Amino acid sequence: MKISKTKTQFFSLCFLLPLFILQACGQNKKKENTKTLMMENKISKPGNPYYSNTDTTKLNVSDAEWKKVLPEDVYAVMREADTERPFTGKYWNTDEKGTYYCASCGNKLFRSGAKFSSSCGWPSFFEQDNKNSVIYKKDNSLGMERIEALCGRCEGHLGHLFDDGPEPTGKRYCMNSIALDFIPDSK
């Protein structure tokens, strides 16, 4: 009888142990997903209901509404195509690893791995994050033919695109620092 009871306990343990392991694995996975979601939307702009680092829905917001929610200097660049003075923006000479987002709507635009030193006085990138991050428009202002770079989500003015960048693209996205927000990679 003792042998039979020991066998029963052994088989019960063999059956229950995998259940405990599976349960524990499932709990760890849930915590991991929650942490990932929290990391994705770090920037909060309470006065701007259109700002999100995760929503990619195209926005159709009037300039009058943007004027209500954006700081005056950001509005001047992003909605009136103004340009900050060279060598004055906060990102023109940085090399920290992370992600750049649109300062108006939070759209993901560039990764730091695509940033390079162009010595032009504005942050420069050789490629956008994805094909919908940045859109383009002909710009014939100031007596020049240029390509204006706009946010793919809110169509805010970011800067201009030139064909004098490094390989592999040969492009230089010359951006206004004030049109960008930056989230450093976590260490």
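Two strands count as paired here if DSSP finds at least two bridges between them. Helices (H or I, at least four residues) and strands (E, at least two) are themselves DSSP runs, numbered from the N terminus. With that in hand, take strands 6 and 7: glutamate 148 has histidine 160 in strand 7 as its bridge partner.

Before going further, a word on what you're looking at. This is a predicted model, where local features need pLDDT of at least 70 and side-chain atom pairs count only at pLDDT 80 or more, while totals for chains, interfaces and linings use all residues. Residues are numbered from 1 along each chain as its sequence is written, and side-chain values use heavy atoms, with hydrogens and water left out.

Now the overall layout. The protein chain has three helices and nine strands, and from the N terminus on they run α-α-α-β-β-β-β-β-β-β-β-β. Of its 187 residues, 39% count as buried, meaning under 20% relative accessible area (exposed is over 50%, partly exposed in between; 1.4 Å probe, protein chains only).

Back to the sheet. Six strands make up an open, antiparallel sheet in the order 3-4-8-7-6-5. Strand 3 (115-116) and strand 5 (134-139) sit at the edges with a single partner strand each, so one side of each has no neighbour in the sheet. At one edge, two bridges join strand 3 to strand 4 (residues 124-125), and lysine 115 has phenylalanine 125 as its bridge partner in strand 4.

At the other edge, strand 5 is joined to strand 6 by six antiparallel bridges, and isoleucine 135 has leucine 150 of strand 6 as its bridge partner. The two strands form a hairpin with six residues between them, and leucine 142 in the turn has a positive phi of about 55°. Strand 6 then carries on into a second hairpin, this one with strand 7 and with five residues in between; glutamate 155 in that turn has a positive phi of about 60°. Four bridges join strands 6 and 7, again antiparallel. Strand 6 is largely enclosed by the rest of the structure, because five of its six residues are buried.

What does helix 3 pack against? Its buried residues meet helix 2 (63-69), strand 1 (98-102) and strand 7 (157-162). In helix 3 (residues 72-80), the buried residues are Val74, Tyr75, Ala76, Val77, Met78 and Arg79. Just after the helix, alanine 81 takes a positive phi of about 60°.

Helix 3 also matters for the largest nonpolar core, a set of buried Ala, Val, Leu, Ile, Met, Phe, Trp, Tyr and Cys residues joined through side-chain atoms within 4.5 Å. Of its 28 residues, Trp66, Met78, Leu109, Phe110, Leu158 and Met175 touch the most other members. Elements giving two or more residues to the core include helix 2, strand 2 (108-111), strand 8 (172-175) and strand 9 (180-184); the largest share, four residues, comes from helix 3.

Let's finish with two residues that touch each other, where contact means heavy atoms within 4.5 Å. Leaving out residues up to four places away in sequence, methionine 78 touches Cys102, Ala103, Ser104, Gly156, His157, Leu158 and Ala179. Serine 104 lies in the loop between strand 1 and strand 2, and counts as buried because its relative accessibility is 0%. With its neighbours within four places set aside, serine 104 is in contact with Asn48, Tyr51, Trp66, Leu70, Val74, Met78 and Cys154.
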